[in-house]
Amino acid sequence: MRSVRTDPRKRLLGGLDANAFLRRHWQKQPLLVRGAIPGFEGLLDFATMIELASREDCESRLVTRHAERWSVEHGPFNPRRLRRLPRQNWTLLVQGIESVLPSARRLLSQFDFIPHARLDDLMVSHAPPGGGVGPHFDSYDVFLLQGPGQRRWRVGRQRDLSLVENSPLKILQRFVPDGECVLSAGDMLYLPPEFAHDGVAVDACYTYSIGFRAPTHRELVSRFLSHLEDGFEDERRYADPDLVRQDHPAKIGGAMIAKVDRILRSMDWTRRDIADFLGTYLTEPKPHVVFKRPARPLSGAAFAAAARRLGIALSPGSLMLHAGAKFFMNGEMQRLGPTGQEALRKFADNRRLSGRQLPPRGQAADILYRWYRDGYIELQVMRSKG
């Protein structure tokens with residue numbers, strides 16, 4: 001595990017520029033950065049974590065260790081339950097805080113050297129001394145950014161990834177660390193997929209985990225076939241006017257196999273179909289994400305005037321990607337003519353647009369207004385400072 005001195009110009013990655021980090025470390029080897037975000041004070045306190053863990057629109061878990069036994073509870077939780085937790089050996093985790101806290105989205109924007117299409121979410125965990133989730137590995141890349149407090153991490157590149165049987169958590173049976181480090185506020189540890197690790201709180205501490213999507217090939221195939229099915233409009237039924245009598249009525253005949261083979265092969269696709277699938281699939285909101293429509297939406301003209309004055313921003317839970325002339329917002333696809341494309345690309349890349357960058361009147365402006373009414377975007381002055 002390599003430790004790197006801090007360079008103020010490239011502090012987040014320990015003096016490396018993005019290309020060097022991707023070349024040397026991404027999905028290859030861990031990286032420890034001291035002072036990646038100096039004096040990082042975190043984004044929330046325990047009272048706010050309790051509030052989020054009690055909400056239906058947030059995913060939360062409580063992991064408790066009893067000697068060598070583990071238990072897991074899933075939220076939403078009764079706040080009184082969380083206020084009465086013991087002084088050690090538990091961890092409260094809240095996932096996807098970027099969908100409810102604008103400050104979490106701003107933190108994630110520091111990691112935009114990785115494509116938005118690969119980003120999953122920001123999870124925060126709080127633990128008193130001894131708290132952790134056991135030695136385990138993740139199937140995806142993760143940046144572990146330390147908030148207030150300290151956590152000791154043991155890390156190992158091991159081939160034996162067998163798990164403890166009948167455990168509610170994916171705990172490694174035989175964890176053999178190669179090294180360890182203690183992270184303080186602002187320190188960060190990057191781990192590639194399947195690097196075994198175990199983090200235990202030294203004192204009451206917070207850890208912010210920036211995770212990335214890594215769907216299995218099986219999931220991609222399944223979802224893509226479902227996407228093709230949605231666009232397959234041939235309503236004809238199987239027919240066999242040339243049917244002849246078979247000696248064995250239970251046999252699946254070669255003629256039937258050939259007919260179905262031709263039907264299935266008619267479901268052709270192109271790279272454009274794949275791009276459309278990825279855009280809708282990767283921006284599809286998670287089940288718990290809720291978009292709040294404006295209670296008293298402005299008229300189109302009033303919205304345009306306010307947007308030119310204030311600028312606009314994506315709502316914290318919104319996901320937006322683009323591919324050519326197509327724009328994907330929260331699982332929906334929209335094709336644009338030439339006018340407005342560049343503005344919407346900047347909007348997707350930066351998650352905000354100033355009034356001067358807004359597209360002129362026309363299709364793009366109409367789309368923005370519709371997204372505003374759906375709760376997908378906001379006037380910047382309306383955004384919470386949370």
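**Aromatic pairs, a helix face and a small set of strands**

Trainee: Quick one to start: are Phe 21 and Phe 113 buried or exposed?
Mentor: Phe 21 is buried, and Phe 113 is too. Keep in mind that this is a predicted model.

Trainee: Sure. How many aromatic pairs are there?
Mentor: The count comes to 20 aromatic pairs. One of them joins Phe 21 and Phe 113, with 5.9 Å centre to centre and 80° between the planes, which makes it edge-to-face.

Trainee: And where do those two sit in the chain?
Mentor: Phe 21 is in helix α1 (residues 18–24), while Phe 113 is in the loop between α4 (102–108) and β6 (119–127). They are 92 residues apart, so the pair links distant parts of the chain.

Trainee: What about Phe 111 and Phe 143, how do their rings meet?
Mentor: That pair is tilted, because the planes are at 50°, with the centres 5.0 Å apart. Phe 111 belongs to the loop between α4 and β6 and Phe 143 to strand β7 (residues 142–146), so this pair ties together parts 32 residues apart in sequence. Both Phe 111 and Phe 143 are buried.

Trainee: Which residues do ring pairs link into a cluster?
Mentor: Phe 21, Trp 26, Phe 111, Phe 113, Phe 143, Tyr 190 and Phe 212.

Trainee: New topic, helix α2. Which of its residues are buried?
Mentor: In α2 (residues 46–53), they are Met 49, Ile 50, Leu 52 and Ala 53. Looking down the axis of α2, these buried residues fall within an arc of 165°, so they line one face of the helix.

Trainee: What do the buried residues of α2 pack against?
Mentor: Their partners are β3 (59–66), α3 (79–83), β5 (90–95), β6 and β12 (205–212).

Trainee: Now the three-stranded sheet: in what order do the strands come?
Mentor: The order is β14-β15-β16, an open sheet with antiparallel pairing. Its edge strands are β14 (320–323) and β16 (332–335), each pairing on one side only. From one strand to the next, the twist averages 20°.

Trainee: How many bridges join β15 to β16?
Mentor: Four bridges join β15 (residues 326–329) to β16. Lys 326 stands opposite Arg 335 in β16.

Trainee: And which helix lies across β14, β15 and β16?
Mentor: Helix α7 (residues 271–282) does, running at about 25° to β15. Helix α10 (residues 363–374) also packs on the sheet, touching β14, β15 and β16, and its direction makes about 160° with that of β16.

Trainee: Last one: where is the charged end of Arg 213?
Mentor: It sits over the ring of Tyr 281, 5.0 Å from the ring's centre.

How values were computed. Residues numbered from 1 in each chain as written. Predicted model: local features only at pLDDT ≥ 70, side-chain atom pairs only at ≥ 80, totals over all residues. Heavy atoms only, no water. Phe/Tyr/Trp six-rings, centres within 6.5 Å; stacked < 30°, edge-to-face > 60°. Buried < 20%, exposed > 50% of the residue type's maximum accessible area, 1.4 Å probe, protein only. Lys NZ or Arg CZ within 6 Å of the ring centre and 35° of its normal. Arc of directions from axis to C-beta. Contact = heavy atoms within 4.5 Å. Pairing = 2+ DSSP bridges. Axes fitted to C-alpha atoms, helices over the stretch in contact; angles between N-to-C directions.
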